[in-house]
Each structure stands twice: as C-alpha cells, then as structure tokens.
Amino acid sequence: MSRRVRVVLLSMIVLIGLTATAPSASADAPNMVSGSGITVTGWRWITSRTFEVDITTAKVSANAVIGPHRVRITLPSNYFTSGTTRFPVLYLLHGGAGGNSAQWTTGGGDEERITAGYPVITVMPDGGKVGWFTNWVNQSGTTQNWADFHLNQLIPWVDANLRTIASKSGRAIAGLSMGGFGAVRYAQDRPDLFAFVASFSGAVDMGDSGTRSVVTEQATQYGFNANGPFGSPFWPSDGAWNAVNPLNRAARLAGVGVALYAGGGSNDQDVLEGTMRASADRFDAALTAAGVPHTYWMYGRPGPSAPYGCDGGHNFGCWNFAFLDAMPKIMAALGGGTPPPPPGFADGDFEAAGLGPWSCTGQCGADHGAGTSHGGTGNGWVRNTSGWNDVHQPIAVLANHTYTVSAWVRTSANNNAGYFGLRTASGTVVGETSYARLDAYTKITATVNSGNNTSLTIYGGLWPNGGDTWAQFDDVTVSG
C-alpha cells in the first residue's frame, strides 16, 4: 500500500461479547468435592466458562459482614474436550472496600475476555471485604485467617478437583489494589508455589502512612477493629506491618517473574492511586537493588482512548488495561504458548461462509472448496487490472504495543506491488511488508508497533501492473 493517496473503505470494529449461556448437560461442571479443610455446599454456572462454588472453611468466618464464602473459577474453552490435558492456574485476587470473588468477572473486571484463548484456569477466591490476605492480628471473635485459607487449603483443593499443573511452573498469582498486595505477599511467603506475580495498583509498601490509613479506616467502616488486620500502625507496635511489607522482602522474589503496574492518578484528587504509584516506585527500586528481574509500567494518565478507557486512575479501566498487558507475560512464565489474537480478529483461515468478517477494497472475495487454499478449504483473494485491491479486517490493539502479523500468499506471475500489514482507520500505513511474484504460497510477515492507536486494520492487497493481476491469502495470524 505504499503508493500515493488511497481511498480506503473500512468497516467498523465489532467486538463480540461473551455469552452468558451455560454449557449443555453433557458438559457439566467438574465434580468439586470437599477436601483440604474446605467443605463444598453448592455450585452454579455464571457463564459458559465460569462457575461459582459455595464453600465453608474453619479458617474464615461466614457472617453478615464477611458474607457468604465463594470461589469463582474460569475454565479454558477446551477444558471438557481436552482429555487428560493439565492446565496452569492463575490465582486472581480482588480489591478491598467490599470486593469479593465476583469482582473480576461481573464486578467490573473483564477476566473472561482477557483470558479467552489462553490454556489457563483462573481461580478467583474471596479475600474478605477488608481481609488483606493475612491472618488477622486482632480477630475480635471473627475468624479471619486468609493466608492460611488461600495458601494451605485453597491451592491443594483446586489441584485435587481440577486437571492442574500442580507445581510452581504451573501457577501464577495476580491482583488489584488490596489483591495486588496479597499477590506479592503470597509470592514472597511461598516463592516455591508461584512462577509469576503481577500487581495492579497494589499496596506494595505497607510502611506508607497513606496505605496504613486506608487499611485501618476500611476495617472500621465494615465494623471491625481498626487494628485487626496488622495490629497498631504506630511505632513501636507496628511489627506485623513491617513483617509482611513487600518493600522489606523484595529479595524473596528471586526466581519469580514480577510485573508491576500503577497509574499517575486520573486527576489531582485521585489520592489513592497516587499512593499506590509512589509505593510501586519504591518497590521497583527495591527489586532493582535486590537484583530481581521485573517489569514496571507506570502508565501515568494515558487518557480515555487507551484500551478499556484507562485514565491512570484507581479503577477497572486501568486494572483491565494492566491485566491485558500482563497476560502474555504470565503465560510465557507458565509455558502457555502463543498468545491469542487481539479481540475482534477472526477467520484468519477464510473458512467462514462468504468473506466472514473480512471486507473488500476494489475487487476481492473468498474461494471455498476450489483447491486453491494453503490449508483447510478456504482462501481469500484479490484480482483486478487497476487500482488498489485488498481484503481487510479491523482489530482492537493495545497502544504502543508490538504485533506480528503474518499470512500465506500466492500471486500471479505479473505481480510486483503487493503489500501486507496494518493501517489506521484513515488509511495511514503503520507498518507493512511488500511482496512481488510468488508462484507458490509463501509466508509474509510484518512486525508493527501500534503507536498511539487502539484499533488498526490488517490488510493484504496489491496494485495491478497494467494487466490482470491477482493474489490469494490464507492462514492469516496476529500475535503480540
């Protein structure tokens, strides 16, 4: 497409929503049975991939304040059809101030879409309204031993009930805000259990006075003793705070992959995210000083045009944004293979009826069963004697992210001006690879950085060279 001004007609992006229909009766839920100190009392499907289990445990009270005790679990889409295949597990922790096991699915989180296509089981346990993923120092008649429950009961219970990879190489943990602290704290407590940890706006410096104020104020808000989770926040009685402070234990994450995310605050009044950002800055420095490899993205205030509308604040627009970026890193640590394509991309093999989600500029189409495909029975094509001709499809992308797009291409003998790559909605080429005569199907690849864009269009086409010129496309892929 690197010629003069082109007139490009682009279709609108259509992001297909997740269905909420339950599986058929032949694909029932796994038989989640009691064990490891956990008693199962019931279960229900939430969506076609996520189910919820009601449980009780002596480690944590279930009362009007803490609420019923539940665990949500999202299965990979092929769990029931994959035979004896075992899957890695991501433990995904919710935030405080009333958060629960539903927060990452129906409470603002987009966990199902973000994990779609990855071979991973996601486990989202309750962590208490203000449980803080710890065994409370002052329980005041209400049992809250969250660390014991999660580390000593939940993990072996999950491994006993599901086809998991029951080792460090098969586990990761992540969380938001309070859960970001919990994820890092648990990985530091038990680095033998987790291969990767990610914190999204996590409270990773428990020595911070603002963080201590939030913890004590939220405990009081829900009717608990202000000093319940970690004891008195004031020196010299603040030993429990210091004992679990991630900042003081950075070296314990040696051998664990680490990713930190925080924003600059959506505005000057976003004090909470500003506190988390300052904590993440200090933890980043502590990890560096301890020689622990890690990634840290302080994404500031990227603005509402960023994926999920992240404005740099303490909200799900940014937590989903961070989780989406973290998933390839998590899966790389878990040996999860190639990441799935970006949301909105489909039918790269042209097997759908007609052109499926693809559209035309100039003259194009799809052949089915004609014996002209690279794989399967379908392929796309363009053919003309003049003008720009392509097949194209819009996709959602992360801003400032690198993608690799590829396709198998075959052309007529007279082609000398073919192009394959990504462009903006206005037709500006972001990155592409040219190709000339290809007598047999040949793999064409373009590596492209998305820049400030959150949607791009993948295309393959050509400029005819003064005669009948054609190209065929098949097995298009997008990864990044």
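P394 stands opposite T457 in strand β18 of this predicted model. That pairing belongs to a longer contact: eight bridges join β13, residues 389-396, to β18, residues 455-462, and the two strands run antiparallel.

**The sheet around P394**

Let us step back to the sheet that holds these strands. Five strands make up an open sheet in the order β10-β13-β18-β15-β16, and the pairing is antiparallel. At its edges are β10 (359-361) and β16 (429-435), each of which pairs on one side only. Neighbouring strands in this sheet are turned by 20° against each other on average, with direction ignored.

**A second open sheet**

Another open sheet of five strands follows the order β11-β12-β19-β14-β17, again with antiparallel pairing. Its edges are taken by β11 (364-368) and β17 (442-449); each has a single partner strand, so one side of each is left without a neighbour in the sheet. Here the twist from one strand to the next averages 35°.

Which residue in β19 is the bridge partner of V382? The partner is A471. Five bridges join β12 (residues 378-384) to β19 (residues 469-479), and these two strands run antiparallel.

**Salt bridges**

Now to the charged side chains. Side chains of opposite charge can pair when their charged atoms come close. A search of the whole structure turns up 19 salt bridges. Three of the pairs are set out here, with the distance between nitrogen and oxygen.

| Pair | N to O distance |
|---|---|
| D54 and R70 | 3.0 Å |
| D110 and R113 | 3.5 Å |
| R212 and D238 | 3.0 Å |

Take the salt bridge of D54 and R70, at 3.0 Å from N to O. It links distant parts of the chain: D54 sits in strand β2 (residues 50-57) and R70 in strand β3 (residues 70-74), with the two residues 16 apart. Is D54 buried or exposed? D54 has a relative accessible area of 14%, which is under the 20% limit, so this residue counts as buried. R70 has 30% relative accessibility and therefore counts as partly exposed, a class that lies between 20% and 50%.

The pair of D110 and R113 has its closest N and O atoms 3.5 Å apart. D110 is buried, because its relative accessible area is 17%. R113, at 23% relative accessibility, counts as partly exposed.

In the third pair, R212 and D238 bring their closest N and O atoms to 3.0 Å. This salt bridge also links distant parts of the chain, with R212 in helix α4 (residues 209-221) and D238 in the loop between α4 and α5 (239-243), 26 residues apart. Both R212 and D238 are buried. Elsewhere, salt bridges that share partners join R44, E52, D54, R70 and R72 into one network.

**Two helices that cross**

How do helices α2 and α3 lie relative to each other, and at roughly what angle do they cross? The axes of α2 (residues 146-161) and α3 (residues 178-189) come within 12 Å and cross at roughly 60°. That angle lies between 35 and 65 degrees, so α2 and α3 are oblique to each other. The crossing of α2 past α3 is right-handed. At the contact, W146, A147, H150 and L151 of α2 meet R185, Y186 and D189 of α3.

**Backbone details in the loops**

A few backbone features deserve a look as you turn the model. W235 and P236 are joined by a cis peptide bond, with omega at about 10°. P236 is found in the loop between α4 and α5, and D238, the salt-bridge partner of R212, is in that loop as well.

W132 has a phi near 60°, a positive value in a residue other than glycine. W132 lies in the loop between β5 (121-125) and α2. With 3% relative accessibility, W132 counts as buried.

S201 is another residue other than glycine with a positive phi, in this case near 55°. The place of S201 is the loop between β7 (196-200) and α4. Where does S201 fall on the scale of accessibility, buried or exposed? S201 has a relative accessible area of 1% and is therefore buried.

Note on methods
Residues are numbered from 1 along each chain as its sequence is written. This is a predicted model: local features need pLDDT of at least 70, side-chain atom pairs count only at pLDDT 80 or more; totals for chains, interfaces and linings use all residues. Side-chain values use heavy atoms; hydrogens and water are left out. Two strands pair if DSSP finds at least two bridges between them. Helices (H or I, at least four residues) and strands (E, at least two) are DSSP runs, numbered from the N terminus. Axes are lines fitted to C-alpha atoms, for helices over the stretch in contact, and angles run from 0 to 180 degrees between N-to-C directions. A salt bridge is a side-chain nitrogen of Lys or Arg within 4 Å of a carboxyl oxygen of Asp or Glu. Buried means under 20% relative accessible area, exposed over 50%, partly exposed in between (1.4 Å probe, protein chains only). Angles under 35 degrees count as roughly parallel, over 145 as roughly antiparallel, 65 to 115 as roughly perpendicular and the rest as oblique. A crossing is left-handed if the near helix is turned anticlockwise from the far one by less than a right angle, and right-handed if clockwise. Contact means heavy atoms within 4.5 Å.
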